[in-house]
Amino acid sequence: MSSQKQMLQDIEREVDSTRYMIGRSALSQQVMDALLAVPRDAFVPLSERRCAYYNGPLPIGCGQTISQPYIVALMTDLLYADSNDVILEVGTGSGYQAAVLSQVVRQVYSIEIIETLSQRASETLSRLGYENVDCRCGDGYLGWPEHAPYDGILVTAACPEIPPPLISQLKSGARMVMPVGPSFGYQELVLVEKHDTGEVSERKILDVSFVPLTGNHERGSC
Ligand code: SAM
């Protein structure tokens, strides 16, 4: 069995063992197909390539990580995205989550605060032909207002609060998934829904451990 198929089996096992917390015993076939289609080894540094299909986070340089495949799959599934959707990702990192999202939606906008990572991810994504992903360097706390409102927002760095600019850039009826809690240690993965009435509800999904959302949230670019 290929290591990529093994990674999918590991994700399925972890979904099953967390089913009572995440409210599902399997993820959508579309999301699993996206995980199978994207070569994770192309998004990790050479030194990590032999572990690329390990179901865990890996270092990508600049003190940052590529997220655990199970978490990438779960966050994508929680969005309930469809093929016409335009999604904002905050925290491009390696570009892997953006590539997975690009398989299930029409357009992905992804913002990263570290210029080196933003440039590298942008190069990787265009070299691999992911034409429906646009990247930029900036403070994602502020979102990317030029392309708002979004059908979904996915934040891959932890913040003690849900950034108000992201709520206002979310369409009515749309969802946002993000880790909410302290900068270090554990946070809660939260599913945010903006209802047609404009009301916002939050549901805690499970404990996670993400790197912090940095920046002074005043600057729009780096
Ligand atoms: N989604 C990434 C991937 O697939 O590789 C993994 C993201 S990593 C866990 C979190 C990323 O968020 C880091 O690259 C970090 O630099 C970035 N980040 C932190 N604060 C940010 C901010 N205010 N705006 C944008 N990106 C930020």
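The legends below describe close-up views of a predicted model.

Local features are given where pLDDT is at least 70 and side-chain atom pairs where pLDDT is 80 or more, while totals for chains, interfaces and linings use all residues. Residues are numbered from 1 along each chain as its sequence is written, and side-chain values use heavy atoms, with hydrogens and water left out.

**View 1. The ligand and its shell.** The ligand is surrounded by 26 residues, the closest being Ser94, Glu112, Asp139, Gly140 and Thr214. A residue belongs to this set if one of its heavy atoms lies within 4 Å of the ligand. Strand S2 (64-66), helix H5 (96-102) and strand S4 (107-112) each supply at least two residues of the shell. S2 gives the largest share, three residues. Helices (H or I, at least four residues) and strands (E, at least two) are DSSP runs, numbered from the N terminus.

**View 2. Ligand nitrogen atoms and the protein backbone.** Polar backbone atoms of three residues are shown with their distances to a nitrogen atom of the ligand: 2.9 Å for Gly91, 3.2 Å for Ile113 and 2.7 Å for Thr214. Taken alone, the ligand exposes 610 Å², and the protein buries 99% of that. Accessible areas come from the Shrake-Rupley method with a 1.4 Å probe; for residues, only the protein chains shown count as cover. A polar contact is a pair of N or O atoms within 3.5 Å; within protein, one must be able to donate a hydrogen and the other to accept it, and residues adjacent in sequence count only if both atoms are side-chain atoms.

**View 3. The pocket that holds the ligand.** The ligand takes up the space of the largest pocket. A pocket is found on a 1 Å grid over the protein atoms alone, as an open set of points where a 1.4 Å probe fits, with protein on both sides within 12 Å along at least five of seven lines. A molecule sits in a pocket if more than half of its atoms lie within 2 Å of its grid points.

**View 4. Cysteines without a disulfide.** The structure holds zero disulfides, a disulfide being a pair of cysteine sulfur atoms within 2.5 Å. For Cys51, the nearest cysteine sulfur is that of Cys62, 19 Å away. The sulfur of Cys62 has its closest cysteine sulfur in Cys137, at 11 Å, which is too far for a bond. Cys51 counts as partly exposed at 21% relative accessibility, and Cys62 counts as partly exposed at 41%. In these terms, buried means under 20% relative accessible area, exposed over 50%, and partly exposed in between (1.4 Å probe, protein chains only).

**View 5. Backbone at Cys62 and at Pro149.** Cys62 lies in the loop between strand S1 (58-61) and S2. Its phi is near 55°, a positive value in a residue other than glycine. Pro149 lies in the loop between strand S5 (133-137) and strand S6 (150-155). The peptide bond from Ala148 to Pro149 is cis, with omega near 0°. Most residues other than glycine have a negative phi, and most peptide bonds are trans.

**View 6. Helix H4 and the residue Tyr80.** Helix H4 (69-78) is followed by a loop that leads to strand S3 (86-90) and contains Tyr80. Ten of the ten residues of H4 are buried, including Tyr70, Val72, Leu74 and Met75. Tyr80, just after H4, takes a positive phi of about 50°. At 54% relative accessibility, Tyr80 counts as exposed.

**View 7. Thr124 in helix H6.** Thr124 is placed in helix H6 (residues 115-127) and counts as buried, at 9% relative accessibility. A polar atom of the Thr124 side chain lies 2.9 Å from the backbone oxygen of Arg120. An α-helix has 3.6 residues a turn, so residues three or four places apart point the same way.

**View 8. Two pairs of residues separated along the chain.** Arg136, in strand S5, is partly exposed, with a relative accessible area of 22%. Its C-alpha atom is separated by 25 Å from that of Lys194, 58 residues apart along the chain. Lys5, in helix H1 (residues 3-17), counts as partly exposed at 48% relative accessibility. The C-alpha atoms of Lys5 and Glu199 are separated by 41 Å, with the two residues 194 apart along the chain.

Key:
1 Å grid on protein atoms, 1.4 Å probe; cavity = no way out; pocket = protein on both sides within 12 Å on 5 of 7 lines; lining within 4 Å.
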